[in-house]
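User: Could you take one part of this model and walk me through it closely, from its setting in the chain down to its packing? I would like the cut-offs behind each term as well.

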Amino acid sequence: MTKFKLLNIITLLFILILFTIQLFFEFSIFLFISIFALILVAYSSYLFIGSYFICSNIYIKTICKVNTNKNSIVLSFDDGPDLIVTPLILNILKEKNVKAIFFLKGINAEKYPEIIKNIVEDGHIIGNHTFSHTTYLAFTNRKKYSLEIEQTNDLISCFTGQSPRFFRPPFGVLNPIIASVIKKYGMITIGWSIRSFDGGNCSADVILSKLKNKIHAGAIILFHDTNPVTVNVLKDFLDYLAQTDFKVERLDKLLNCDALSLSKC
Ligand SMILES: [Zn+2]
C-alpha cells in the first residue's frame with residue numbers, strides 16, 4: 001500500500017472519529033470546525049510535500065540512491081539533448097570512459113536524432129523525461145500525461161529498439177495521476193540524492209565544491225546537459241573522482257535492472 005492510500009485511510013478515520021464525538025458529546029461548534037480544519041491542513045501539507053519532494057515515496061516508489069556497499073555513483077543528465085552542450089558532455093564521458101543515463105525531453109529528441117544515436121552508440125542509457133516538460137504537467141489529466149510518456153517512449157524506442165524503463169518526472173513533481181500513469185507503463189521512477197544545481201547561476205567552482213561535500217556511495221547525481229557550466233563541472237568532477245575510491249557506474253548495472261522494457265518499437 002502506498003503512503004498516499006494509508007494517509008487517506010487515516011484522514012478518513014480521524015474525520016469519522018471527530019463526527020462521532022460531535023454526535024454523542026456535542027462539544028462547541030467552534031472547536032469542531034477548528035479540529036476539522038486542522039485535519040484538512042495537515043492532510044494538504046503532507047500531499048504538498050509528497051508532490052514536490054520526489055524522494056518522499058508518498059505516491060510511488062522512487063529510487064533516489066542505490067543501496068550498495070560499493071563506492072559507486074551514478075551520473076544522470078536531464079532535459080537534453082542540446083545541440084551544443086550534449087555533444088561536449090559526450091566527448092568528456094568518452095574521454096574518461098564513463099557511462100551515464102540521459103533523461104531526454106521528447107521535444108528535443110525529435111529535433112536532434114543524431115545526438116541520440118551518439119548517446120546510444122557511446123554506451124549510455126536513456127530515460128524518459130516527458131515530451132514537453134512544461135510546468136503545467138503537474139496539473140494535467142491522466143490522458144495528457146500518458147501521451148507525454150508514450151510519445152517520448154516511442155521516440156526513444158526508435159533508437160534503442162525497446163521502450164525505456166526509467167522515468168524522471170519534470171521538476172521531480174509527482175501526484176496520484178502521474179503515479180498512476182507511471183504504473184500503467186510499468187516504468188521505474190528515478191529521483192536523485194545529489195542535485196548539482198547546475199541549471200542556475202552558480203559558478204563551476206561552487207557547484208564542484210558542493211558535489212565533493214555531498215558525494216556518497218550509491219549517489220545518483222542530477223546534472224543538466226543544457227547549461228554550458230555543466231561541461232566544466234563534469235570535467236573537473238571526473239578528475240576529482242579519479243583521485244578517490246569512487247567509481248561511476250551506469251544506473252542499470254548498479255541497480256541490476258534492465259534499462260529497457262520488452263515492448264518493441
Ligand atoms: Zn527536467
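Analyst: Happy to. The domain assignment splits the chain into domain 1 (3–52) and domain 2 (62–264), with bounds that come from an automatic or database domain assignment. The centres of these two domains, taken over C-alpha atoms, are 39 Å apart. Please keep in mind that this is a predicted model, where local features need pLDDT of at least 70, side-chain atom pairs count only at pLDDT 80 or more, and totals for chains, interfaces and linings use all residues. Residues are numbered from 1 along each chain as its sequence is written.

For the wider setting, the chain has ten helices and eleven strands; these are DSSP runs numbered from the N terminus, with helices being H or I of at least four residues and strands E of at least two. Along the principal axes, the C-alpha atoms fill a box of roughly 75 × 40 × 35 Å.

Let's look closely at helix H3 (residues 85–95). Its residues Val 85, Thr 86, Ile 89, Leu 90 and Leu 93 are buried, where buried means 20 or more other C-beta atoms within 10 Å of the residue's own, exposed means 12 or fewer, partly exposed lies in between, and C-beta atoms are placed from the backbone. These five sit on the same side of H3 because they cover an arc of only 135° around the axis, the arc being that of the directions from the helix axis to the C-beta atoms. An α-helix has 3.6 residues a turn, so residues three or four places apart point the same way.

What covers that buried side? The cover includes strand S2 (72–78), helix H5 (113–121) and H9. Just after H3, Asn 97 takes a positive phi of about 55°.

H9 (residues 229–242) also matters for the next level up: it gives six residues, the largest share, to the largest nonpolar core. Such a core is a set of buried Ala, Val, Leu, Ile, Met, Phe, Trp, Tyr and Cys residues joined through C-beta atoms within 7 Å. Of its 62 residues, Val 74, Ile 101, Phe 102, Phe 166, Ile 220 and Ile 221 touch the most other members. Leaving aside residues up to four places away in sequence, Phe 102 touches Phe 77, Gly 80, Ile 119, His 124, Ile 126 and Asp 225; contact here means C-beta atoms, placed from the backbone, within 7 Å.

Conventions. Contact = placed C-beta atoms within 7 Å.
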